[in-house]
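Biologist: I am new to this structure and would like a close look at a single part of it. Could you take me through one residue and its surroundings, and then through what lies beyond?

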Amino acid sequence: MNKTEHITRSSENSSPLGKVDGAFVAILESVSDPEIPVLSIMDMGVVRSAVIENNIVKVEITPTYSGCPAMDVIGDDIKAALKTAGYDSEIELILAPAWTTDWITPRGRKALEDYGIAAPLNAEADKEVLLNGKRLVKCTNCSSTNTRLVSQFGSTACKAQFQCDDCQEPFDYFKCLK
Amino acid sequence: MKQNLYKYILGIADNSLILGQRLGELTGHGPSLETDIACTNISLDFFGQVRSYYQYAAKIAGDKRTEDDIAMLRKEREYVNVLLVEQPNTNFAYTIARQFLFDVYHFLFLTELEKSKDLTLSAIATKSLKEVSYHQRFSTDWLKRLGDGTTESKEKMQEAINDLWTCTDELFHQTEADKAMVKDGIGVDVTALKEVYYKKVNEILEEATLETPESKWFQKGGKQGIHTEHLGYLLSDLQYMQRTYPNMEW
């Protein structure tokens with residue numbers, strides 16, 4: 001609990017990928033979410049910007065959920081990756097604009113599905129699924145939508161638990177956050 | 001230092017800290033695996049929100065105190081959370097009733113705080129609202145399931161609602177810091193939330209086939225630091241490591 005946190009407001013950062021200097025894209029893509037190792041932090045949309053100033057790379061990241069314990073690890077992993085590439089860096093945690101699942105890239109969504117985590121539906125469908133028990137989430141094993149919500153909360157803050165009633169596979173669904 | 005703003009932030013943050021700690025007590029003790037995970041996930045959201053608030057409070061305080069000092073090293077009378085959030089878990093009906101009665105308030109409160117002139121508070125509110133909408137779904141869902149469930153679950157749910165009802169009015173009391181912050185366009189006028197809160201709560205209680213308590217007698221004092229006996233025990237757990245090993249870090 002000793003990292004400093006700054007909160008800035010900027011509307012220009014609201015794209016899926018923020019202002020990331022080309023030189024750092026590949027390095028940052030090599031860093032993954034420790035809870036979901038197949039997903040790079042770039043595809044996750046948590047990197048808001050990475051620019052070099054006075055020989056120090058300033059990286060802004062945004063938490064998925066406020067209490068996400070992965071954020072400190074991600075910060076350390078970014079520093080280590082940049083250090084290996086010869087850069088010193090500073091990590092800043094920013095809260096605004098707030099992260100949304102819309103920032104997960106198409107490649108990121110595919111990586112999630114391949115890993116066995118159903119990617120978030122749109123906000124409307126998400127509500128139907130979590131509140132009204134509609135069967136819309138595709139099973140990550142057999143692609144059937146004959147799936148039901150087991151619990152709105154799953155193995156991490158960002159996921160809900162589901163089970164497929166066709167193939168019986170239990171799986172995680174990445175909740176829509178908008 | 002901006003004394004009123006500092007106090008105002010603590011007023012919001014302490015609610016989340018204490019409720020987060022209460023829910024955290026359920027780790028490994030929830031009635032089922034799913035509810036255990038849900039309660040502790042909600043707890044984690046609260047702790048995340050609390051960090052943002054206390055970091056901001058530490059910045060406003062402008063002395064050597066850190067977010068950890070503010071969270072861990074105050075005495076009981078210096079915590080200004082409402083009495084509702086410090087009430088013990090007792091049984092799952094109490095846990096759900098406490099959560100439901102707080103979530104409905106929390107959602108309304110943050111919706112207003114999002115409009116604050118203070119950009120940091122507004123940003124924290126925006127971020128938290130997304131999480132709190134999930135909390136409210138969870139507690140409302142269980143309230144209905146238990147209220148409109150078996151004879152026993154209904155009885156227990158009603159008892160918990162009746163008991164905790166006396167702690168709801170305090171949510172809408174204003175402190176001096178509140179009044180000053182409302183005047184500056186930073187704070188939320190909680191008195192204006194009261195009507196819509198009880199309307200919403202009554203509607204959901206009705207859906208859950210539960211009675212709205214008629215009691216007109218309410219507890220108060222938390223916002224002034226006068227707590228029920230439960231808070232001391234909670235703090236002795238929460239603060240144990242910092243008190244035993246001062247300045248320890250993970």
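**A loop residue and its surroundings**

Modeller: In this predicted model, T100(A) sits in the loop that runs between β6 (88-93) and α4 (106-115) of chain A. T100(A) counts as partly exposed because 18 other C-beta atoms lie within 10 Å, whereas a buried residue would need 20 or more. Leaving aside residues up to four places away in sequence, T100(A) touches L177(A) and K178(A). The C-alpha atom of A23(A), by contrast, is separated from that of T100(A) by 25 Å, the two residues being 77 residues apart along the chain.

The strand β6 of chain A leads on to the sheet, an open one in which four strands follow the order β1-β4-β5-β6 with mixed pairing. Its edge strands are β1 (19-20) and β6 of chain A, each of which pairs on one side only. Packed on this sheet is helix α3 (residues 70-84) of chain A, which touches β5 (56-61) and β6 of chain A and whose direction makes about 160° with that of β6(A). As for the other edge strand, β1(A) pairs with β4 (residues 47-53) of chain A in the parallel sense over two bridges, and V20(A) stands opposite A50(A) in β4(A).

Beyond chain A itself there is the contact with chain B, which takes 27 residues from chain B and 22 residues from chain A. On the side of chain B that touches chain A, the elements giving two or more residues are α2 (33-61), α3 (67-72) and α6 (119-147) of chain B. That side of chain B has, by class, nine nonpolar, eight polar and ten charged residues.

Notes. Residues numbered from 1 in each chain as written. Chains lettered and ligands numbered in written order. Predicted model: local features only at pLDDT ≥ 70, side-chain atom pairs only at ≥ 80, totals over all residues. Contact = placed C-beta atoms within 7 Å. Nonpolar A, V, L, I, M, F, W, Y, C, P; charged D, E, K, R; others polar. Buried ≥ 20, exposed ≤ 12 C-beta atoms within 10 Å, placed from the backbone. Pairing = 2+ DSSP bridges. Axes fitted to C-alpha atoms, helices over the stretch in contact; angles between N-to-C directions.
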